[in-house]
Structures are given as C-alpha cells and as structure tokens.
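The exercises below are meant to be worked with the sequence and the structure in view. Each task is followed by a solution in steps.

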There are 2 protein chains.
Amino acid sequence: MGRMQRTLIKDLAQKSGETVLIKGWVSVRRDQGKMVFFDFRDMSGSVQGVVLPQSAALETAKEIRSEFVVAVTGVVNKRPEKNINTEVQNGDIELEVTGIEILAKAEPLPFDMSIDGYNLDLTTELDHRALTLRHPRLQSIFKVQAVIIDSFREFMKSQSFFEFQAPAITPATAEGGAEVFEVNYFDKKAYLTQSPQLYKQIVMTAFERVFSVNKVFRAEPSATTRHITEIVSLDAEMAFIDSWTDVRDMSEQTVRFILDQVATKCANELKIMNATLPTMTDKTPTLSLKEAQNKIFEKTGRDVRGEKDLNPEDERALCEIIKEETSSDFVYVYGYPTKMKPFYVYPNPEDPSVNEGMDLLCRGIEWLSGGRRVNEYKQLLEHVEKWNMDPKKIDMFLEAFKYGVPPEGGFAFGAERMTMQILELKNIREATMFPRDMHRIDSKLAGSEDLGS
Amino acid sequence: MGRMQRTLIKDLAQKSGETVLIKGWVSVRRDQGKMVFFDFRDMSGSVQGVVLPQSAALETAKEIRSEFVVAVTGVVNKRPEKNINTEVQNGDIELEVTGIEILAKAEPLPFDMSIDGYNLDLTTELDHRALTLRHPRLQSIFKVQAVIIDSFREFMKSQSFFEFQAPAITPATAEGGAEVFEVNYFDKKAYLTQSPQLYKQIVMTAFERVFSVNKVFRAEPSATTRHITEIVSLDAEMAFIDSWTDVRDMSEQTVRFILDQVATKCANELKIMNATLPTMTDKTPTLSLKEAQNKIFEKTGRDVRGEKDLNPEDERALCEIIKEETSSDFVYVYGYPTKMKPFYVYPNPEDPSVNEGMDLLCRGIEWLSGGRRVNEYKQLLEHVEKWNMDPKKIDMFLEAFKYGVPPEGGFAFGAERMTMQILELKNIREATMFPRDMHRIDSKLAGSEDLGS
C-alpha cells in the first residue's frame, strides 16, 4: 500500500473510477447493517468512504474509531443521483474501500467532535484546544485569520512597504501605565512591548515605508470578551504624506484588500461560520469627532457633544446611523482632543486642541487606529515635555527624529479582533488559537475563575 | 511644487529630458566652486543632483546638510560619456536642480555616514541604531533578512503549509533549564517561550502541515558573537512522512528556495556586502554522526569517534572536508545519541540508542535542525518518564497525541543566524535590527560592559 502515491482528498473528484490511496483521519464511523461508512478527512477536505460486506477491509474497519489515522485504498465511485449531496465537498462521490491500514490509534473521544454534534462551551473548548482544533469550525476561524495576516503583508509589499521585526522585550515603558508585563532580565527589569509604535517610526525614518507583524502584550487586569494579553499586531508606517488623509486612504485600501482576499480565499470557511463580510463602500464616510457627536445627538437625542471620546454606546450608535445613511459598515472618526492621545500624534495646525489621529469603526467597535505623527524634532521635544515624559526613556526614538524626518503617519490593528469581527464571534478567545488572559495560559491558572463575559 | 507627482529615484532613468519632482534625504553635499553637488536618496535608490551657478535653488542649497529632507524639482540629464559611472545606480544620469524645498532639517551628524566614510565599531553602531539604519550597508543586511523570512513563508505556502501564530508567553518550561525568562504575570509566574516546538506539533495534529514565524527567547548568560536573547524562529512541522528523510528533503528545498530568492532579489545588496552565497549541490551530502566522526578522524587525525556530539571544531572540520570532496557548502548530520536530544525526537527503531534527529551545517556552523518526532502516544508517555519530565506540564501537548497522530517531523532555524551566515558577518548583532543580550536592550544596561566577542 505504501507504494501507491497519496491522493489528497480535494483531488478525488478528478479520479472517478480510479483506485487511489488517501491518508487522513477518521471523523466518523457509521455502521449500517453489514456495511461500514466513514467520513475521512485530511488537510484538504473530507470524503465519505464505504466498506462493503465482501470487502477485505471489513474486519479492520470494525475496530476503527473517530480520530484514528488511516491509509485507505479504494475506488472513487460516482454516487447515484439520489445520494448526491451538493451542500458538502465531494458530495457526488464516494470511496469504495478495498484496504485500510491503521497508522495511529486514538483513545475514545471525551465529547462529540462530529460536525453537527459539536457543541461545547468556550471553557471546555479551550481546556481541550489540542483536540478541538481538529473541528472544521475552529479550522475555519484560523484559516480566515491566516488569510487576514497574509493579505496584510501582501498588500503592504505591493505598496513598497518594507517588513521589519519589532522587538518584544523593551527597556522601559515609554507611555507608562500599569498594563505592562515585567520581565526578570538577568536580574534587571525589562518589559514586554505594548506596541511597536516607536520602533516602527524609527525604522520608517530609514526605510520610508515599513510594516511589521509582531506580538504585543497588555497586562489587562480585566476578563472581558474583548481582552487578551498577547495580541498579533499588524502595523504600518509611511513617510512623505501630504496629509493625514493619505494614511486614512492607505489603511482603507489595506482593509479593502483584506476583505476581498477573505471573500475569495475563504468562501467555504465563511459558509461554515455562517458569516457575512461587512460592506465597504467606494469611499468610507469620514467624520470629525465633533461631526460624529452632532450626528449622534441629532439621531438619538443623546447629547454627547463636548465629550472627549466616543464611548462604546456612541460607537454602536454611529455605526448604525452611518450604515442606514450610506450602507457602509465602516466609518472613520478623526480629530480627537490632542491631550487625550499619545505625544506622537500630530496636532491640527489650524486648531492644535484637536489632533490628526483617526479610528476606523465597523459594526460598532474600533477596528484600526492611526493618523499623522509629529515629525519635527523641536515639536517632538515640546510634546515630550508637555506630556511629562522622560526623554531619556525614548532617546533612541528621539535620535531618529533629530536627523530629518518627513511628514509621516501610520496605522495599526489587531489580527484577533479583526478575525472576531469579520466572523461575528462573541469572544476574542474564539479568534485566538492559544489565548492568554489573567485567568488562563493554556490551562486555567491556579486560583483563577472564569472567562471574559 | 506640491502639485507635481513625485517620481521615485529608481524611475528617473526612464525620464531623461523631463522635469521631475523627487522627495528624499540628502546623503552628501559637495561644494565645487560655484556649483553644489548632492547625493539624494529615497526608499528606491540614489541619484546625483547638481545645482548650477545660475540656479534659483543655489541659496537654499547652501544651507542644506546631510540628512535634510527635501523636495527637489529638476531636469533629468544624461551625463556626458566621460562622467558615466557604471558601478552605481543612476550613474549615467544627473538631476539638474531647479528648485529645492526643505521638508525637514537635520542636526549635524555625530559621525561620517557617507557610503565610503562610514566606519564604526559595533558598539557605536548599536548605540546609534536609529541613525545608522539609514546607511546602505545596514539597509542591505535587513533587506536580505526580510527576503529570507518572506521566502520561507512563500515556500511553505507553496507546499500547503498552514501559518499559525505560536504564543510567546508560556505557562511552564517543558524542557526546564535556567535559560528561560520569567514574566510577572498578574503576580503569578509565566515564562517567555524558548521554542514553538510543542505548539507547532499540536497544531500539526489538526492542520497536517504548519509553519510559524515567531519570536523565541533565550536567557543566555553569555555574551558571545552568536547569542542574542530574542530571536526570530522559522518553524515547520509536517505529518504523513514515510521517514525522517522526508523532513530533510523538505528542509533542503526550503533552504534552496531561500538562497535562490536572495540571489535573485538581493543581487545589489550582496554586492554592497561583498557576500558570496554558499553552494548547495543537487543533493546535499548526508552523514550519520558516526560517519561524520570517522571522516573527521580519517582526514584530520583527530579521534572524535564515540563523542556524543560534534563540537565547534568538528563542525568546521566536517564542513571543510565536505566542501573539498563534493563542493557542497552544506552537510546534514543525523543519528545523535537518543538521550542527548529532547524527549520528542524519534529513536531509530533498528537501533534505539541513536535517534532520527538531524542538523544542517554550513560554513562551519549549524543552520537548521529538525528530524522525525515520536508520534505514538504510548511511546511519548514512556519518553516523558525516561526523560524525568512532569507530564502535567505538557498536558495540552500530550492530549494532542492521545487522539491519533501520523508519523511526523519538522525543522527550525533562526532568521538572524541565517542572515549572519549568508552575509558572512562576524557578529549576530549585525544581523539583528534591535539586538537584545545580557548587556543591552537598545542602550547598554546599567552596570553592563561589552559586546559579544
């Protein structure tokens, strides 16, 4: 049996009438009188197999359970018209099994892993991540995520952005805050990066257009459905912009490209997840914070004018209003109060009390944020002072800007949140293969309780 | 001036006779009598500009120093035959400058940043990483590294490997050892991953073929030229192998593809670095550890037969011998003593005292390692016991293997070491944009001393 070349399950339909060898896992065994039916799967898909009463494989077939690994020889048969199932892959063929070799056995499953029977609460799903990852639903989630990440890189490269590796261990916390993890670094203190922001700006001063796909870490001491401690951050930074709207436009094209790629490459996964991609219109509506607040007041009667930011209720309301008015699921909001944002965000020269930072909202929450940055060394030093920062802690960053930096900006977003939002999942842990939070690293931590709710 | 479309410097040669706008940095200004010459650079390359005595831009030109950011209008002129320099980009054209706008000023440089004048020791280079990254030599190193990493992903995808994100924070150290960084995780202990090994094996059991590009961390308390604490690890794992040689072959194809891509996409960078790619022959020589030791004994007289591993001197000797015998710069060594390697490495069934782990050596050092893994649950449990490990610490890993895993293997290598070796650099810090070691995270740590030597 080892001599025959393996055929991937996705290619079986082209081999009607031929004898083939497949290798994969048994998803389900169903005994029907003297026949045994199997659903086999490999990395490329699933197919139904049947062991007829006279088959030499019948005895072996009887001892095979779910998740056994098998090498199966058989003949690819067209199904009779009445047995064709157009809803599933290979629904028009069947493998008539002539031989089965068990490559590896499996213990009895602790719960139902069948396509329709799978129904675990998230805690159990995570407790058994090593097994549940085999389910088509979970595979769909992470295939979509892989396409999101890879499409980001593909689009960036097409726009001449240079990929760099941002560091995870940092010497100091530029923006301070308690939400940072401390590392015991040879008996000195170091920290896990919260964002590659300052590094991407440094590298931009040398390479003009840069991007990175790297881990960032947030010591969020709260267990919500949106927070995990280790995130895949997709970051971009570009020089020689004329205005912050160049950054907006680049980020819009990036999201559009990603959505297009997901639509094309993940049609099957979207179907499995029963997910509808959000609508991005030709030109995504863009409002200043003031305009957004006025609109919310007009439409809902809730007076949020003068607030320093949009709260979650505002974000949901704004997205609904924009969707109704323009059919766009997306909306950009820019022009936040300068002092509410970090020191590197560029103030509007005509009204320095607001800045040229922006957020992209979709389906009620923020997907991406960015904007223009301060590029003049003197202005940066002024900001460092105004923001009460210690310039020594960012001396490498400041050195980059000492030597000539053009107008520039950038944006960032998290791969897990985008995956969650695209697939309309309820908890970001579903969109994270090995989620870490204050209560869990793979297993629950001692003394920990529940998941985000 | 803002109205004209920017032309990238690499595209100037196609615009002979035209008036263009470029934007970029001044690398060098040279005054020659009443004329001023500039080397301008942008993300795409360099070009010489000249400001003639009658030019309206002359006054501005005189105040511009190195690293000023400028928008320059001018006419692209062919150089007279005698001034053509075929050795450099745009050596046959010159930009006759008609207007210069200063977009950002630069402080005077702390050292010579010109192409030929740049000559810093590594400590100074790292102390000023934010500035030195602008030098073509450093840019070449990181462009080669970006191509190595991207080519790895490209080849993996072409072979149907699925990309996943391996976690950085881990709950326990499976393989123990002091060389692990501890994280203060909400007042509990967590650790930075030393390798995605167990995670990639878990994900392989669900996706069959998987790869990851992720950071790993080694708390090496030694400052050598080869050790840094934060590394970009390129990892692959594949199921349904027939033998460990399938893993060897896949790793060989991967390295071959990467070298081909570097040769094609980085010809200019290799020239700048004066680097010669290593030679990979049609079939890379493969020796068992015993065969390698015999060969070293035969050729050098040094008797290393019976040693449990190759030491650095052995690795250098073996590479030299193989190079001489076969012209291959690469050699695989397999079959190490079983107990010298981790618990997951597969013992040779015919002689369980040696295993089916392998290393790929090149130019005297290890580039990559991998091999076949134990895939049977029962054998894994036996190994866990023999290796004196706590099964509770790897329960997620063990669960994956409880439910049917085919014969499998994989390999891994570090992006920085491969960059260093391809470019024949002397210190791995040169091949790391923001190197971390026991003495440095961006800046030198308090009380720290020297670099690796």
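**Exercise 1. A small sheet in chain A**

Task: Determine which residue stands opposite D437(A), and describe the sheet in which β19(A) and β20(A) take part.

Solution. The model is a predicted one.
Step 1. The residue facing D437(A) is R440(A), which belongs to β20(A).
Step 2. This pair lies where β19(A) meets strand β20 (residues 440–441) of chain A; two bridges join these strands, and they run antiparallel.
Step 3. The sheet is open and has three strands, in the order β19-β20-β21 of chain A, with antiparallel pairing.
Step 4. Its edges are β19 (436–437) and β21 (443–444) of chain A, since each of these pairs on one side only.

**Exercise 2. Chain A as a whole**

Task: State how many helices and strands chain A has, and what percentage of its residues is buried.

Solution.
Step 1. Chain A contains 12 helices and 21 strands.
Step 2. Of the 453 residues in chain A, 47% are buried.
Step 3. The C-alpha atoms of chain A occupy a box of roughly 85 × 60 × 45 Å along the principal axes.
Step 4. Considering contacts in chain A between residues at least 6 apart in sequence, 65% join residues at least 24 apart.

**Exercise 3. The contact between the chains**

Task: Describe how chain A and chain B meet, and find how the two copies are related.

Solution.
Step 1. Chain A contributes 74 residues to the contact and chain B contributes 72 residues.
Step 2. On the side of chain A that touches chain B, helix α5 (residues 197–207) of chain A supplies the largest share, five residues.
Step 3. That side of chain A is made up of 43 nonpolar, 11 polar and 20 charged residues.
Step 4. Of the interface residues of chain A, 96% are also interface residues in chain B, so the copies meet through the same surface.
Step 5. Chain A is superposed on chain B by a rotation of 180° with 0.0 Å of shift along its axis, and the RMSD is 0.0 Å. The two copies are therefore related as by a two-fold rotation axis.
Step 6. In chain A, V183(A) has the C-alpha nearest the axis, at 2.3 Å from it.
Step 7. Strand β8 (residues 182–185) of chain A is joined by three bridges to strand β8 (residues 182–185) of chain B, and the two run antiparallel. Here E182(A) stands opposite N184(B) of β8(B).

**Exercise 4. The surroundings of A106(A)**

Task: Decide whether A106(A) is buried or exposed, and list its contacts beyond its sequence neighbours.

Solution.
Step 1. A106(A) is located in the loop between β5 (93–104) and α2 (122–127) of chain A.
Step 2. A residue is buried if 20 or more other C-beta atoms lie within 10 Å of its own. A106(A) has 21 C-beta neighbours inside 10 Å and so counts as buried.
Step 3. Setting aside neighbours within four places in sequence, A106(A) contacts R65(A), S66(A), E67(A) and F68(A), together with Y403(B) and G404(B) of chain B.
Step 4. S222(A) lies 116 residues from A106(A) in sequence, and the two C-alpha atoms are 38 Å apart in space.

**Exercise 5. Two enclosed elements of chain B**

Task: Explain why helix α12 and strand β2 of chain B are described as largely enclosed, and identify what adjoins them.

Solution.
Step 1. In helix α12 (residues 415–422) of chain B, eight of the eight residues are buried, so the helix is largely enclosed by the rest of the structure. Among them are A415(B), M418(B) and I422(B).
Step 2. The buried residues of α12(B) pack against α4 (136–158), β11 (230–239), α6 (244–265), β14 (357–362), β15 (365–373) and β16 (408–414) of chain B.
Step 3. Just after α12(B), E424(B) has a positive phi of about 55°.
Step 4. In strand β2 (residues 35–42) of chain B, six of the eight residues are buried, so this strand too is largely enclosed by the rest of the structure.
Step 5. Strand β1 (residues 19–32) of chain B is joined to β2(B) by seven bridges in an antiparallel arrangement, with R29(B) and F38(B) as bridge partners. These strands form a hairpin with two residues between them, and G33(B) in the turn has a positive phi of about 60°.
Step 6. β2(B) also pairs antiparallel with strand β3 (residues 45–51) of chain B over seven bridges, and D39(B) stands opposite Q48(B) there. Two residues link β2(B) and β3(B) in a hairpin.

Conventions
Residues are numbered from 1 along each chain as its sequence is written. Chains are lettered from A and ligands numbered from 1 in the order in which they are written. This is a predicted model: local features need pLDDT of at least 70, side-chain atom pairs count only at pLDDT 80 or more; totals for chains, interfaces and linings use all residues. Helices (H or I, at least four residues) and strands (E, at least two) are DSSP runs, numbered from the N terminus. A residue is buried if 20 or more other C-beta atoms lie within 10 Å of its own, exposed if 12 or fewer, and partly exposed in between; C-beta atoms are placed from the backbone. Two residues are in contact if their C-beta atoms, placed from the backbone, lie within 7 Å. Ala, Val, Leu, Ile, Met, Phe, Trp, Tyr, Cys and Pro count as nonpolar, Asp, Glu, Lys and Arg as charged, and the others, Gly among them, as polar. Two strands pair if DSSP finds at least two bridges between them. Copies are superposed by least squares on the C-alpha atoms of residues with pLDDT of at least 70 in both.
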